[in-house]
Amino acid sequence: MRLPYVANPPPASTRQDAEIIERIQQRRAPRALQPLDLALLHSPPLADGWNSFLGAVRTKTSLAADLRELAISRVAVCNRAWYEWKHHAPLAVEAGVSNEALETVKQEGALAEVEKPAELNDRQWAVLLYTDEMTRNVQVRDDTFARLESLFDDRVVVEITGTVAAYNCVSRFLVALDVGERNGTGPDDVATH
């Protein structure tokens, strides 16, 4: 990482900082704090907001796990955020996404130029196309949005959009600071089986 990680366990200079650290530890439990947490904790207020926001995106939406993890994994590939890929591609597999489908997710080019693979259902493919365009272009073509909207209700469309936006934020933080020392490694450096 480009900065030193904070010590683990993190020091708390105020009661508020101690409460922030405790909230982050509670969300991560039973796992230990992650390198991302130890980078964010240089600024406890930022880490606290991040923890609350990403906690909601990861655990409080109605979005199916396969769709959420496909979107996050595609953001990781588009932004070359291999730390993000390392954590979320295995979660996609746990959610039922095949390794063959992940090969499509790992493609470097725009997915709009690819034919829908048989390993992905229409909902998964719509999420991947939408994620790809949001991440690469910010603006999404009308036909891509219409495909998504035809398959999901408004709540799920908002949750997909929020997930893609949130993980674009995450990936930019990870890559800029080289959190987890993954820059330059690539998606094949991580086993998803």
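**View 1. Gly109 in the loop between α6 and α7.** With a relative accessibility of 39%, Gly109 counts as partly exposed, since partly exposed covers the range between 20% and 50%. Like every view here, this one shows a predicted model. The loop that holds Gly109 runs between α6 (99–105) and α7. Which residues does Gly109 touch, once its neighbours within four places in sequence are left aside? Gly109 is in contact with Arg74, Asp132 and Arg136. One of these partners, Asp132, sits 23 residues away along the chain from Gly109, and 9.4 Å separates their C-alpha atoms.

**View 2. Helices α4 and α7 crossing.** Arg74, Asp132 and Arg136 appear again here, in the contact of α4 with α7. The two helix axes come within 9 Å and cross at roughly 35 degrees, and α4 passes α7 in a right-handed crossing. On the α4 side, look for Asp66, Leu67, Leu70, Ala71, Arg74, Val75 and Cys78. They meet Arg123, Gln124, Val127, Leu128, Thr131, Asp132, Thr135 and Arg136 of α7. Sorted by class, the contact has seven nonpolar, three polar and five charged residues.

**View 3. Helices α4 and α5 side by side.** Here α4 meets helix α5 (residues 82–94), with axes that come within 8 Å and cross at roughly 155 degrees. Angles over 145 degrees count as roughly antiparallel, and α4 and α5 are therefore roughly antiparallel to each other. The crossing of α4 past α5 is left-handed. From α4, the contact draws on Glu69, Ile72, Ser73, Val75, Ala76 and Val77, while α5 brings Trp82, Glu84, Trp85, His88, Ala89, Leu91 and Ala92. Nine of the residues in this contact are nonpolar, two are polar and two are charged.

**View 4. The largest nonpolar core.** In all, 36 residues make up this core. Those with the most contacts inside it are Leu36, Leu41, Leu148, Phe152, Ile160 and Tyr167. At least two core residues come from each of α1 (15–28), α2 (35–40), α3 (44–59), α4 (65–78), α7 (122–137) and α9 (154–177). Which helix gives the largest share? That is α9, with nine residues. Apart from this core lies another one of 17 residues, including Ala89, Ala92, Leu102 and Leu111. In soluble globular proteins, nonpolar side chains tend to be buried together.

**View 5. A closer look at Ile160.** Setting aside neighbours within four places in sequence, Ile160 is in contact with Leu63, Val127, Tyr130, Leu148 and Phe152. Leu148 and Phe152 are, like Ile160, among the residues with the most contacts inside the largest core.

**View 6. Two cis peptide bonds.** One cis bond joins Asn8 and Pro9, with omega about 15 degrees, and Pro9 lies in the segment before α1. The bond from Ala29 to Pro30 is also cis, with omega near 10 degrees. Pro30 belongs to the loop between α1 and α2. Is Pro30 buried or exposed? Its relative accessible area is 88%, so Pro30 is exposed. The C-alpha atoms of Pro30 and Leu128 are 31 Å apart, and 98 residues separate the pair along the chain.

**View 7. Two positive phi values outside glycine.** Arg80, in the loop between α4 and α5, has a positive phi of about 55 degrees although it is not a glycine. At 42% relative accessibility, Arg80 counts as partly exposed. Val138 has a phi near 70 degrees and is found in the loop between α7 and α8 (142–151). Its relative accessibility of 66% makes Val138 exposed.

Conventions:
Residues numbered from 1 in each chain as written. Predicted model: local features only at pLDDT ≥ 70, side-chain atom pairs only at ≥ 80, totals over all residues. Heavy atoms only, no water. Core = buried A, V, L, I, M, F, W, Y, C linked by side-chain atoms within 4.5 Å. Buried < 20%, exposed > 50% of the residue type's maximum accessible area, 1.4 Å probe, protein only. Helix = DSSP H or I, 4+ residues; strand = E, 2+ residues; numbered from the N terminus. Contact = heavy atoms within 4.5 Å. Axes fitted to C-alpha atoms, helices over the stretch in contact; angles between N-to-C directions. Parallel < 35°, antiparallel > 145°, perpendicular 65-115°, else oblique. Left-handed = near helix turned anticlockwise from the far one by under 90°. Nonpolar A, V, L, I, M, F, W, Y, C, P; charged D, E, K, R; others polar.
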